[in-house]
Amino acid sequence: MTKADDKTDGIIHENEYGDKKSHGFLRFLIFLVIAAFVAFFWNPILNFSADYVGSLNYSPSTVISELSNKLNLTPLGQAILNGAKPQLDDSDSFNQHCNVEVSSISTIGCYTNRRIYIFNVTNNDLTGIKESTLSHEFLHATWAHLTFFEQYNLTTILQDAYNDEAYHTQLAEDLETYDESERLEEIYVRLGNEFQNLPPELEAHYAQYFHDQDKIADFFDLYHEPFDALEEEYHRLIAEINDLNKEIEAKNTDLSGAGDALNNDIDAYNNCVEGRTNCGKSYSELAAEYDNLISRQNTFQSNLDELNAMIRKYNDLIETYNEKLTAYKSLWGDMNSNPLPEAPEIKSGSSKINQT
């Protein structure tokens, strides 16, 4: 009886141990679920809390304060911006913070490690570039603070806006270079930073951060104006140069044939007058032919003068074109933290400016 009791006790103890193992594994699974929940849904909130605490010790520079005031942020927006501790950098510091290398794309800002860094562009012709860059990187920070559900709820709205012709043309070429995982965030940032008259859902969303989102888009347009003006002039000059070149080639061909014919007729007239050939023409006929040749010669010279004037105009256009191209390259170079090997080709539409 004692042995049986011992055996029975052993079985009971084994079941209790098994139950303990099951409970321990269940607790582990619950822990993983909670951790995943926090990572996906609450991590942005935790980041915001950490950024807010960190911002309490942040003292922006005078320039950053001025730029921040121009963005006219809401209290929530200002808290997020301060949490990102925006910093204006010279070339060396900016390249280090943003890991910038020489490339054909200009990088003037970045949001990395929950910090915002702005390249200190000093060209006064690029009015609004610092404000626009700061707001661009700020929107990356706001995206990072959205919860999974908030980002998910914006997905369809952002994709519909991206496919809208009102925005797609300006965005499509640049966003083709982004990975699918990054594209949605960039659409979110670019729409909020570059466009007015957004869909009502997006206007309501950005109103959480900006008192006047249309003014943000104005900054973007403002610093693109010099590029747009140069590009417009560039394309006008190219068209005029090409058209004028065709006219010069056609006129040169016509004059070449007319000149050869005129020279042949002058030689024939002189040979007749000097008696080297028996042309059988009377004095009055030769006099009329002389007058005709002089008239043709004057017409030819007039056409030749016109051709030379066209060539001078063509050369002036080429000189103006080179000046505009130099100005474009200078503007492009002034907003680069590294010297560019070569300014990018001028295309219709906006210049490629990378605010990562």
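Visitor: Why is Trp 332 called buried?
Guide: Its relative accessible area is 0%. Buried means under 20%, exposed over 50%, and partly exposed in between, with a 1.4 Å probe and protein chains only. So Trp 332 counts as buried.

Visitor: What kind of model is this?
Guide: The model is predicted: local features need pLDDT of at least 70, side-chain atom pairs count only at pLDDT 80 or more, and totals for chains, interfaces and linings use all residues. Residues are numbered from 1 along each chain as its sequence is written, and side-chain values use heavy atoms, leaving out hydrogens and water.

Visitor: How many aromatic pairs are there?
Guide: The count comes to 14. Rings of Phe, Tyr and Trp (its six-membered ring) pair if their centres lie within 6.5 Å; planes under 30 degrees apart count as stacked, over 60 as edge-to-face and the rest as tilted.

Visitor: What makes Tyr 234 and Tyr 321 a tilted pair?
Guide: Their centres are 5.5 Å apart, and their planes meet at 35°. That angle is neither under 30 nor over 60 degrees, so the pair is tilted. The pair links distant parts of the chain: Tyr 234 lies in helix α10 and Tyr 321 in helix α11 (residues 283-334), 87 residues apart. Helices here are DSSP runs (H or I, at least four residues), as are strands (E, at least two), numbered from the N terminus.

Visitor: Are these two tyrosines buried or exposed?
Guide: Tyr 234 has 14% relative accessible area and is buried. Tyr 321, at 18%, is buried too.

Visitor: Why do Tyr 328 and Trp 332 count as stacked?
Guide: The ring centres are 6.3 Å apart and the planes are at 15°, so the pair is stacked. The two residues are four apart in helix α11, which means about one helical turn separates them. Tyr 328 is buried, at 2% relative accessibility.

Visitor: Which residues form an aromatic cluster?
Guide: Phe 138, Tyr 209 and Phe 210 form one.

Visitor: How do you know whether Glu 232 is buried or exposed?
Guide: Glu 232 has a relative accessible area of 61%, so it is exposed. The residue is found in helix α10 (residues 213-273). It also belongs to a surface patch of negative charge, with Asp 212, Asp 218, Asp 221, Glu 225 and Asp 228.

Visitor: What is notable about phi at Asn 72?
Guide: Phi is positive, about 55°, although Asn 72 is not a glycine. Asn 72 sits in the loop between α2 (62-71) and α3 (75-83). At 33% relative accessibility, Asn 72 is partly exposed.

Definitions and conventions: Patch = residues over 30% accessible without salt bridge, like charges linked within 9 Å, V, L, I, M, F, W, Y side chains within 5 Å. Areas by Shrake-Rupley, 256 points an atom, 1.4 Å probe, with all protein chains shown as cover. Salt bridge = Lys/Arg side-chain N within 4 Å of Asp/Glu carboxyl O. Lys, Arg positive; Asp, Glu negative; His and termini not counted. Charge placed at Lys NZ, Arg CZ, Asp CG, Glu CD.
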